[in-house]
Amino acid sequence: MSLLEWVLANAAMLVGGIVQGGIGFGGNLLAVPVLVLLDPELIPGPALIGALALTLGMVAREPGEGDWHRVVPALIGRVPGSVLGAGVVAALSTDALTWFFAVAILVAVAVSASGVHVTPTRTALFGGGLASGFTATSIAVGGPPMALVLQSSEGPVVRRTLARFFTVGVGFSFATLALFGEMSTSDIGRGLALVPGTVIGLLLSSRVARFLDRGYTRTAVLTLSALAAIAALIRAAL
(Lines give C-alpha, C1' and ligand atoms only; values in the text may rest on other atoms or scores of the structure.)
Protein backbone atom coordinates (compact mmCIF):
# COMPACT_ATOMS: atom_id res chain seq x y z
CA MET A 1 0.00 0.00 0.00
CA SER A 2 1.02 3.56 -0.62
CA LEU A 3 1.01 5.97 2.33
CA LEU A 4 -2.32 7.42 1.19
CA GLU A 5 -3.88 3.96 0.85
CA TRP A 6 -2.58 3.03 4.31
CA VAL A 7 -4.10 6.16 5.83
CA LEU A 8 -7.47 5.58 4.14
CA ALA A 9 -7.50 1.89 5.08
CA ASN A 10 -6.78 2.69 8.71
CA ALA A 11 -9.40 5.43 8.66
CA ALA A 12 -11.94 2.82 7.56
CA MET A 13 -10.79 0.46 10.32
CA LEU A 14 -10.98 3.33 12.82
CA VAL A 15 -14.60 4.10 11.95
CA GLY A 16 -15.44 0.39 12.04
CA GLY A 17 -13.71 0.09 15.41
CA ILE A 18 -15.72 2.97 16.85
CA VAL A 19 -19.01 1.44 15.70
CA GLN A 20 -18.27 -2.13 16.75
CA GLY A 21 -16.66 -1.04 20.01
CA GLY A 22 -19.77 0.97 20.83
CA ILE A 23 -22.54 -1.36 19.66
CA GLY A 24 -20.89 -4.78 19.49
CA PHE A 25 -20.89 -5.41 15.72
CA GLY A 26 -20.61 -3.63 12.39
CA GLY A 27 -16.85 -3.11 12.11
CA ASN A 28 -16.23 -5.09 8.92
CA LEU A 29 -19.65 -4.11 7.63
CA LEU A 30 -18.35 -0.55 7.33
CA ALA A 31 -14.65 -1.17 6.68
CA VAL A 32 -14.66 -3.97 4.11
CA PRO A 33 -16.28 -2.01 1.23
CA VAL A 34 -13.57 0.66 1.59
CA LEU A 35 -10.77 -1.91 1.84
CA VAL A 36 -11.97 -3.66 -1.32
CA LEU A 37 -11.86 -0.39 -3.25
CA LEU A 38 -8.35 0.41 -1.97
CA ASP A 39 -6.82 -3.04 -2.50
CA PRO A 40 -8.72 -6.33 -3.03
CA GLU A 41 -5.73 -8.13 -1.49
CA LEU A 42 -6.82 -6.74 1.89
CA ILE A 43 -9.76 -9.20 1.82
CA PRO A 44 -10.25 -11.61 3.51
CA GLY A 45 -7.05 -12.41 5.43
CA PRO A 46 -5.70 -8.96 6.34
CA ALA A 47 -9.18 -7.69 7.22
CA LEU A 48 -9.64 -10.70 9.50
CA ILE A 49 -6.44 -9.83 11.35
CA GLY A 50 -7.80 -6.34 11.97
CA ALA A 51 -11.13 -7.80 13.08
CA LEU A 52 -9.40 -10.25 15.41
CA ALA A 53 -7.41 -7.42 17.00
CA LEU A 54 -10.68 -5.54 17.55
CA THR A 55 -12.57 -8.43 19.13
CA LEU A 56 -9.63 -9.38 21.36
CA GLY A 57 -9.43 -5.76 22.49
CA MET A 58 -13.14 -5.79 23.32
CA VAL A 59 -12.79 -9.02 25.31
CA ALA A 60 -9.95 -7.45 27.30
CA ARG A 61 -11.85 -4.20 27.82
CA GLU A 62 -15.06 -5.82 29.03
CA PRO A 63 -14.28 -8.99 30.98
CA GLY A 64 -17.15 -11.29 31.94
CA GLU A 65 -16.58 -15.02 32.25
CA GLY A 66 -20.29 -15.68 32.79
CA ASP A 67 -21.10 -14.62 29.23
CA TRP A 68 -19.97 -17.98 27.86
CA HIS A 69 -23.37 -19.50 28.68
CA ARG A 70 -24.72 -17.29 25.88
CA VAL A 71 -21.75 -17.68 23.56
CA VAL A 72 -21.55 -21.50 23.51
CA PRO A 73 -25.08 -22.17 22.13
CA ALA A 74 -24.46 -19.55 19.45
CA LEU A 75 -21.14 -21.11 18.49
CA ILE A 76 -22.75 -24.54 18.29
CA GLY A 77 -25.32 -23.07 15.90
CA ARG A 78 -22.65 -21.34 13.83
CA VAL A 79 -21.14 -24.67 12.72
CA PRO A 80 -24.18 -26.07 10.83
CA GLY A 81 -25.03 -22.54 9.72
CA SER A 82 -21.63 -22.19 8.09
CA VAL A 83 -21.98 -25.57 6.38
CA LEU A 84 -25.46 -24.64 5.16
CA GLY A 85 -24.19 -21.29 3.90
CA ALA A 86 -21.37 -22.97 1.99
CA GLY A 87 -23.83 -25.39 0.39
CA VAL A 88 -26.24 -22.64 -0.60
CA VAL A 89 -23.40 -20.58 -2.10
CA ALA A 90 -22.73 -23.47 -4.47
CA ALA A 91 -26.38 -23.57 -5.52
CA LEU A 92 -27.46 -19.93 -5.66
CA SER A 93 -26.02 -16.72 -7.03
CA THR A 94 -24.52 -14.11 -4.72
CA ASP A 95 -27.24 -11.63 -5.66
CA ALA A 96 -29.99 -14.09 -4.71
CA LEU A 97 -28.35 -14.69 -1.33
CA THR A 98 -27.95 -10.96 -0.77
CA TRP A 99 -31.62 -10.30 -1.50
CA PHE A 100 -32.63 -13.11 0.86
CA PHE A 101 -30.39 -11.74 3.65
CA ALA A 102 -31.61 -8.17 3.22
CA VAL A 103 -35.31 -9.05 3.20
CA ALA A 104 -34.94 -11.40 6.19
CA ILE A 105 -33.10 -8.76 8.26
CA LEU A 106 -35.60 -6.02 7.35
CA VAL A 107 -38.50 -8.27 8.38
CA ALA A 108 -36.74 -9.07 11.68
CA VAL A 109 -36.11 -5.37 12.32
CA ALA A 110 -39.72 -4.49 11.51
CA VAL A 111 -41.04 -7.16 13.88
CA SER A 112 -38.66 -6.01 16.62
CA ALA A 113 -39.59 -2.35 16.12
CA SER A 114 -43.27 -3.26 16.46
CA GLY A 115 -42.64 -4.15 20.09
CA VAL A 116 -41.81 -7.85 19.92
CA HIS A 117 -38.82 -8.67 22.13
CA VAL A 118 -36.66 -11.73 21.60
CA THR A 119 -35.56 -13.46 24.78
CA PRO A 120 -31.99 -14.75 24.39
CA THR A 121 -32.74 -18.32 25.42
CA ARG A 122 -30.38 -21.14 24.42
CA THR A 123 -32.70 -21.99 21.52
CA ALA A 124 -32.78 -18.38 20.31
CA LEU A 125 -29.00 -18.07 20.66
CA PHE A 126 -28.51 -21.31 18.73
CA GLY A 127 -30.79 -19.93 16.00
CA GLY A 128 -28.92 -16.62 15.98
CA GLY A 129 -25.61 -18.44 15.70
CA LEU A 130 -26.94 -20.63 12.91
CA ALA A 131 -28.22 -17.61 10.97
CA SER A 132 -24.97 -15.75 11.63
CA GLY A 133 -22.90 -18.68 10.36
CA PHE A 134 -25.09 -18.91 7.28
CA THR A 135 -24.89 -15.22 6.37
CA ALA A 136 -21.21 -14.90 7.31
CA THR A 137 -20.29 -17.79 5.03
CA SER A 138 -22.59 -16.84 2.17
CA ILE A 139 -22.27 -13.04 1.99
CA ALA A 140 -19.61 -12.21 4.64
CA VAL A 141 -22.00 -10.39 7.00
CA GLY A 142 -22.58 -12.28 10.23
CA GLY A 143 -23.30 -9.61 12.83
CA PRO A 144 -26.99 -8.62 12.47
CA PRO A 145 -28.61 -12.04 13.22
CA MET A 146 -26.81 -12.40 16.57
CA ALA A 147 -27.26 -8.74 17.45
CA LEU A 148 -31.02 -8.99 16.88
CA VAL A 149 -31.25 -11.93 19.28
CA LEU A 150 -29.44 -9.89 21.94
CA GLN A 151 -31.16 -6.56 21.24
CA SER A 152 -33.10 -6.48 24.53
CA SER A 153 -30.00 -7.11 26.64
CA GLU A 154 -27.99 -4.36 28.28
CA GLY A 155 -25.22 -2.75 26.23
CA PRO A 156 -22.29 -4.38 28.08
CA VAL A 157 -23.93 -7.82 27.74
CA VAL A 158 -24.39 -7.33 24.00
CA ARG A 159 -20.80 -6.22 23.49
CA ARG A 160 -19.27 -8.92 25.71
CA THR A 161 -21.27 -11.74 24.14
CA LEU A 162 -20.66 -10.63 20.55
CA ALA A 163 -16.95 -10.00 21.24
CA ARG A 164 -16.45 -13.57 22.44
CA PHE A 165 -18.62 -15.02 19.68
CA PHE A 166 -16.76 -13.11 16.97
CA THR A 167 -13.32 -13.80 18.46
CA VAL A 168 -13.82 -17.56 18.21
CA GLY A 169 -15.52 -17.23 14.81
CA VAL A 170 -12.84 -14.98 13.32
CA GLY A 171 -10.12 -17.13 14.85
CA PHE A 172 -11.65 -20.18 13.20
CA SER A 173 -11.82 -18.41 9.83
CA PHE A 174 -8.23 -17.25 10.21
CA ALA A 175 -7.04 -20.78 11.00
CA THR A 176 -9.01 -22.21 8.08
CA LEU A 177 -7.46 -19.74 5.63
CA ALA A 178 -4.00 -20.59 6.94
CA LEU A 179 -4.71 -24.32 6.66
CA PHE A 180 -5.66 -23.98 3.00
CA GLY A 181 -2.67 -21.79 2.20
CA GLU A 182 -4.69 -18.61 1.78
CA MET A 183 -2.80 -16.67 4.46
CA SER A 184 0.68 -15.64 3.33
CA THR A 185 3.32 -13.67 5.19
CA SER A 186 2.45 -10.65 3.03
CA ASP A 187 -1.21 -11.01 4.12
CA ILE A 188 -0.09 -11.00 7.74
CA GLY A 189 1.96 -7.87 7.08
CA ARG A 190 -1.02 -6.13 5.46
CA GLY A 191 -3.23 -7.20 8.36
CA LEU A 192 -0.83 -5.85 10.98
CA ALA A 193 -0.74 -2.58 9.04
CA LEU A 194 -4.50 -2.24 9.72
CA VAL A 195 -4.17 -2.70 13.48
CA PRO A 196 -3.34 0.95 14.36
CA GLY A 197 -6.67 2.22 13.03
CA THR A 198 -8.49 -0.64 14.73
CA VAL A 199 -6.90 0.09 18.12
CA ILE A 200 -7.56 3.84 17.91
CA GLY A 201 -11.18 3.16 16.93
CA LEU A 202 -11.62 0.83 19.89
CA LEU A 203 -10.17 3.41 22.28
CA LEU A 204 -12.47 6.12 20.92
CA SER A 205 -15.50 3.80 21.12
CA SER A 206 -15.58 3.90 24.92
CA ARG A 207 -17.48 7.19 24.84
CA VAL A 208 -19.93 5.81 22.29
CA ALA A 209 -20.46 2.74 24.47
CA ARG A 210 -21.16 4.86 27.56
CA PHE A 211 -23.70 6.90 25.60
CA LEU A 212 -25.48 3.83 24.22
CA ASP A 213 -25.56 2.25 27.69
CA ARG A 214 -28.02 4.96 28.74
CA GLY A 215 -30.74 2.96 27.02
CA TYR A 216 -29.97 3.37 23.33
CA THR A 217 -28.36 0.00 22.57
CA ARG A 218 -31.54 -1.59 21.18
CA THR A 219 -32.19 1.40 18.91
CA ALA A 220 -28.59 1.29 17.67
CA VAL A 221 -28.81 -2.46 16.97
CA LEU A 222 -32.04 -2.11 15.00
CA THR A 223 -30.79 0.93 13.09
CA LEU A 224 -27.45 -0.59 12.09
CA SER A 225 -29.11 -3.90 11.15
CA ALA A 226 -31.59 -2.08 8.92
CA LEU A 227 -28.81 -0.03 7.32
CA ALA A 228 -26.86 -3.24 6.65
CA ALA A 229 -29.88 -4.74 4.92
CA ILE A 230 -30.50 -1.61 2.85
CA ALA A 231 -26.83 -1.47 1.84
CA ALA A 232 -27.04 -5.13 0.78
CA LEU A 233 -30.12 -4.39 -1.34
CA ILE A 234 -28.38 -1.47 -3.05
CA ARG A 235 -25.30 -3.60 -3.71
CA ALA A 236 -27.42 -6.40 -5.22
CA ALA A 237 -29.37 -3.95 -7.39
CA LEU A 238 -26.28 -2.32 -8.91
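Which residues of α1 are buried? Hi everyone, let me start there. The structure on screen is a predicted model, and I'd like to walk you through a handful of its helices. The buried residues of α1 are A9, N10, A12, M13, G16, G17, V19, Q20, G21, G22 and I23. As for what they pack against, the partners are α2 (27-38), α3, α8, α9, α10 (195-212) and α11 (217-237).

Let's stay with α1 for a moment. Its 21 residues should span 30 Å at 1.5 Å a residue, and the end C-alpha atoms are 30 Å apart, so expectation and model agree. Just past the end of α1 comes G24, which has a positive phi of about 125 degrees.

Now for one residue of this helix that I'd like you to find on the screen: Q20, in α1, which covers residues 3-23. Is Q20 buried or exposed? Its relative accessibility is 8%, and the cut-off for buried is under 20%, so Q20 counts as buried. Setting aside residues up to four places away in sequence, Q20 touches F25, G26, G27 and N28, then L54, T55 and M58, and also F166.

That list leads us to two helix pairs. Let me take α1 with α3 to begin with. These helices pack at an angle of about 35 degrees, and their axes are 11 Å apart. The crossing of this pair is right-handed. On the α1 side we have M13, G16, G17, Q20 and G21, and they meet G50, A51, L54, T55, M58 and R61 of α3. If you sort that contact by class, you get four nonpolar, six polar and one charged residues.

The other pair is α1 with α8. Here the axes come within 7 Å and cross at roughly 120 degrees. That angle makes α1 oblique to α8. Q20, G21, G22 and I23 are the α1 residues in this contact, and α8 supplies V158, R159 and F166. The class count for α1 with α8 is three nonpolar, three polar and one charged residues. Notice that Q20 is listed in the α3 contact and again in the α8 contact.

On to α8 itself, then. How far does α8 reach from its first C-alpha to its last? This helix, residues 155-179, has 25 residues and reaches 36 Å, close to the 36 Å expected at 1.5 Å a residue. Just after α8 sits G181, with a positive phi of about 75 degrees.

While we're in this part of the model, have a look at L56, which is in α3. L56 has 46% relative accessibility, so it counts as partly exposed. Its C-alpha lies 8.1 Å from that of R164, although the two residues are 108 apart in sequence.

Another arginine worth a glance is R78, found in helix α4, residues 68-91. R78 has a relative accessible area of 16%, and is therefore buried. Leaving out neighbours within four places in sequence, R78 is in contact with G129, L130, S132, G133 and A136, plus F165 and G169.

Let me finish with the pairing of α3 and α9. Helix α3 runs over residues 45-61 and α9 over residues 185-193; their axes come within 7 Å and cross at roughly 45 degrees. The two are therefore oblique to each other. This crossing is right-handed, and so is the crossing of α1 and α3. From α3, the residues involved are P46, I49 and G50, which meet D187, I188, R190, G191 and L192 in α9. By class, this contact has four nonpolar, two polar and two charged residues.

One loop residue belongs with this picture. E41 lies in the loop between α2 and α3. Its relative accessible area is 47%, so E41 is partly exposed. Which residues does E41 touch, not counting those up to four places away in sequence? They are P46, D187 and R190, and P46, D187 and R190 also appear in the contact of α3 with α9. As for E41 and N10, these residues are 31 apart in sequence and 15 Å apart in space, C-alpha to C-alpha.

That's the tour, and thanks for listening!

Methods. Residues are numbered from 1 along each chain as its sequence is written. This is a predicted model: local features need pLDDT of at least 70, side-chain atom pairs count only at pLDDT 80 or more; totals for chains, interfaces and linings use all residues. Side-chain values use heavy atoms; hydrogens and water are left out. Axes are lines fitted to C-alpha atoms, for helices over the stretch in contact, and angles run from 0 to 180 degrees between N-to-C directions. Helices (H or I, at least four residues) and strands (E, at least two) are DSSP runs, numbered from the N terminus. Angles under 35 degrees count as roughly parallel, over 145 as roughly antiparallel, 65 to 115 as roughly perpendicular and the rest as oblique. A crossing is left-handed if the near helix is turned anticlockwise from the far one by less than a right angle, and right-handed if clockwise. Contact means heavy atoms within 4.5 Å. Ala, Val, Leu, Ile, Met, Phe, Trp, Tyr, Cys and Pro count as nonpolar, Asp, Glu, Lys and Arg as charged, and the others, Gly among them, as polar. The expected span of a helix is 1.5 Å times one less than its number of residues. Buried means under 20% relative accessible area, exposed over 50%, partly exposed in between (1.4 Å probe, protein chains only).
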